[in-house]
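Here is a short briefing on one protein fold. Look over the sequence and the structure first.

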Amino acid sequence: MTHIAILGITGRAGSRIATELLQRGHTITGIARDVSKATAQPGLSLQAADATDANALATLLQGHDVVVSSTRFVGGIDAATLISAARQAGVKRIVVVGGAGSLEVAPGKALIDSPEFPEIYKAEASGGRAFLQALRAEGELDWTFISPSALFEPGPRTGRFRLGGDQLLVDADGQSHISMEDYAIALADEIDTPRHSRSRFTVGY
């Protein structure tokens with residue numbers, strides 16, 4: 001049994017990640033500004049907090065083995081705050097729900113830099129890229145940044161998907177997509193059996 005803290009427990013991805021991890025027998029502390037939106041489940045305790053306050057967050061993270069950050073990059077926790085809180089709390093492992101924008105679509109060219117990338121998503125994608133860069137510059141913690149495919153929405157839990165590195169995954173029809181349910185499986189697998197220490201990987205069909 002692993003004690004895991006999830007930041008952004010009430011979000012679409014965070015709630016599905018919690019469900020997957022709880023089904024595997026882990027204990028979860030769910031943290032969000034408003035935890036009234038979270039669904040009560042056995043093994044889940046809820047803490048209302050502002051995750052952007054490093055000192056307050058550090059107090060809540062004490063005693064956990066892993067912290068999963070599932071907040072938005074714009075208006076959510078930034079890398080410096082998360083790293084500081086984890087260090088203060090003695091949490092050795094960080095797993096971050098990343099974005100697809102920083103994935104490569106050609107050598108040296110990120111998805112966010114392609115002409116067709118929607119302007120509405122650029123701020124969030126830029127935040128995700130900066131978060132990843134900060135983790136890569138961090139010298140102590142064991143971190144993993146998991147990028148979904150371009151289309152990341154609720155959907156079926158199939159258990160059938162591919163893992164990749166820094167390149168955007170595209171299926172035979174030219175689509176880049178992953179359900180949040182299957183993404184949650186990949187994230188939980190990484191916690192149960194770490195294979196991507198201090199690195200980023202991606203999940204897609």
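The points below cover the sheet, its helices and the first helix in detail.

This is a predicted model: local features need pLDDT of at least 70, side-chain atom pairs count only at pLDDT 80 or more, and totals for chains, interfaces and linings use all residues. Residues are numbered from 1 along each chain as its sequence is written, and side-chain values use heavy atoms, with hydrogens and water left out.

**Sheet**
- Eight strands form an open sheet in the order S3-S2-S1-S4-S5-S8-S12-S10, with mixed pairing. (Strands are DSSP E runs of at least two residues, helices H or I runs of at least four, numbered from the N terminus; strands pair if DSSP finds at least two bridges between them.)
- S3 and S10 (162–164) are the edges; each has a single partner strand, so one side of each lacks a neighbour in the sheet.
- Neighbouring strands are turned by 20° against each other on average, direction ignored.
- S1 and S2 are parallel and share five bridges. Leu 7 has Ile 31 in S2 as its bridge partner.

**Helix H1 (12–23)**
- The 12 residues of H1 should span 16 Å at 1.5 Å a residue (1.5 Å times one less than the number of residues); the end C-alpha atoms are 17 Å apart, which agrees.
- Buried residues of H1 (under 20% relative accessible area, 1.4 Å probe, protein chains only) are Ala 13, Gly 14, Ile 17, Ala 18, Glu 20, Leu 21 and Leu 22.
- Their cover includes S1 (3–7), S2 (27–32) and helix H5 (180–192) (contact means heavy atoms within 4.5 Å).
- Gly 25 follows H1 and has a positive phi, near 95°.

Technical notes
Buried < 20%, exposed > 50% of the residue type's maximum accessible area, 1.4 Å probe, protein only. Axes fitted to C-alpha atoms, helices over the stretch in contact; angles between N-to-C directions.
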